[in-house]
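Subject: The structure I promised you

Hi,

Here is the structure I said I would pass on. Have a look at it first, then read my notes below.

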Amino acid sequence: MTEERASVISRRTVIKGGTWAIPAVTVATAVPAYAASYCTAGNQAQIAAALETFVVDSLEINFYQAVYSINGGTGFSVVNVKNISGQSLTFEEENPLTLRIDAVDITGNRQRNLTGSDLGQTVQDLGYDEARRTRTFIWQLRTTLAPGAEPDFRFAWGRTWGTVKSKVVVTPVLAIPKEAELSSILPTGDASACAEHYQQALNDAKHRQFRYRGPQGEGRLKSGQGVDSSVIGDYFSGNNPGDGIY
């Protein structure tokens, strides 16, 4: 082998070795960056504890019917959401406690006259859907609920002489209290590293957030699932049937 040939081989060998060395250097420098974005077991435990305290089984939906209200007649009924977490829950402007409330006519052939209201909170009337025979309200609460607090959404039902009877279906839309937000659980650096883990844990917790209770049954609502007054019944006084029909 000539001296010139040996020199070429030598240079090629060095270059080839260099190309394999580059990934090794890259991997070595990437490790600290990966470690910095890792959600530690301790942080995961903090997230789990916060969601268990402030989200899981934290709110309960009930229905009530006023004295002397009769099905298809003039009267009042209430949708009640109760804080059963044992902790204060704060719902702020950007994340209000939001429920969709559907008043569904189940008998008769005309629209039921009714109003829905809640003193001091936001109620949006989306109007009546003829095809579904349903009037929809969006109820939003921006407040702090003390343990055991149970704000009411009130229906005033118009008289139909029994020709139009109605039921109510309540579906939670959004209910993430400030205490369960990631920024309230972890400091900024850790929160950034745990964002993906937190979202997955929160999605799971949402399926276990709301409960319902009535004289005909109780249980847990999955995320996006509604509770029907005619299925679980309503708490009542006087001679009301407690069947969840108005």
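How many of the seven residues of strand E1 (residues 59-65) are buried? Six of the seven are, so E1 is mostly covered under the cut-off, where buried means under 20% relative accessible area. Before you go further, keep in mind that this is a predicted model.

**Around E1**

Let's stay with E1 and see what pairs with it. Strand E2 (residues 75-83) runs antiparallel to E1, and seven bridges join the two. In that pairing, Leu-59 stands opposite Asn-83 of E2. E1 also pairs with E11, in the parallel sense and over three bridges. Leu-59 turns up here too, opposite Phe-210 in E11. Then there is strand E14 (residues 235-236), parallel to E1 and joined to it by two bridges. If you want some background, strands of a sheet pair through backbone hydrogen bonds, either parallel or antiparallel.

In the pairing with E14, Tyr-64 stands opposite Tyr-235. The structure holds seven aromatic pairs. Tyr-64 and Tyr-235 make a tilted one, with 5.5 Å centre to centre and 40° between the planes. Tyr-64 sits in strand E1 and Tyr-235 in strand E14, so this pair ties together parts that are 171 residues apart in sequence. Are these two tyrosines buried, exposed or partly exposed? Tyr-64 counts as partly exposed at 31% relative accessibility, and Tyr-235 is partly exposed too, with a relative accessible area of 28%.

**Another aromatic pair, and a cluster**

Next, try Trp-157 and Tyr-246. Their ring centres are 5.4 Å apart and their planes are at 15°, so the pair is stacked. Trp-157 belongs to strand E9 (residues 152-157) and Tyr-246 to the segment after E14, so this pair links parts that are 89 residues apart in sequence. Trp-157 is buried, with a relative accessible area of 4%, and Tyr-246 is buried as well, at 2%. Both are members of one aromatic cluster, together with Phe-137, Trp-139, Phe-153 and Phe-155. While you are looking at rings, find Phe-76: Arg-154 lies over its face, at 4.0 Å from the ring centre.

**Gly-214 in E11**

Back to E11, which is where you will find Gly-214. At 10% relative accessibility, Gly-214 counts as buried. Leaving aside its neighbours within four places in sequence, Gly-214 is in contact with Ile-232, Gly-233 and Tyr-235. The C-alpha atoms of Gly-214 and Gly-242 are separated by 9.1 Å, with their places 28 residues apart along the chain.

**Helix H5 and what covers it**

Does the length of helix H5 (residues 195-206) come out as expected, or what do its end C-alpha atoms show? At 1.5 Å a residue, its 12 residues should span 16 Å, and the end C-alpha atoms are 16 Å apart, which agrees. Tyr-198, Leu-202 and Ala-205 are buried in H5. Looking down the axis of H5, the buried residues fall within an arc of 60°, so they line one face of the helix. As a general point, an α-helix has 3.6 residues a turn, so residues three or four places apart point the same way. On the other side of H5, Glu-196 and Gln-200 are exposed.

What covers the buried residues of H5? The cover includes helix H2 (41-54) and helix H3 (182-185). H2 is home to Asn-43, which counts as buried at 7% relative accessibility. Among residues over four places away in sequence, Asn-43 touches Leu-186, Asp-190 and Cys-194.

After H5, a loop leads to strand E11 (210-214), and Gln-209 is found in it. Gln-209 is buried, with a relative accessible area of 4%. Its contacts beyond four places in sequence include Leu-59, Ala-175 and Pro-177.

**The five-stranded sheet**

Last one. An open sheet of five strands has the order E6-E7-E4-E10-E13, with antiparallel pairing. Its edge strands are E6 and strand E13 (227-228), each pairing on one side only. Within the sheet, strand E4 (residues 97-105) and strand E10 (residues 166-174) pair over eight bridges, and Leu-174 in E10 is the bridge partner of Thr-98. Out in E6 (residues 122-129) you will see Leu-126, partly exposed with a relative accessible area of 48%.

Cheers

Definitions and conventions: Residues numbered from 1 in each chain as written. Predicted model: local features only at pLDDT ≥ 70, side-chain atom pairs only at ≥ 80, totals over all residues. Heavy atoms only, no water. Helix = DSSP H or I, 4+ residues; strand = E, 2+ residues; numbered from the N terminus. Expected span 1.5 Å × (residues − 1). Buried < 20%, exposed > 50% of the residue type's maximum accessible area, 1.4 Å probe, protein only. Arc of directions from axis to C-beta. Contact = heavy atoms within 4.5 Å. Pairing = 2+ DSSP bridges. Phe/Tyr/Trp six-rings, centres within 6.5 Å; stacked < 30°, edge-to-face > 60°. Lys NZ or Arg CZ within 6 Å of the ring centre and 35° of its normal.
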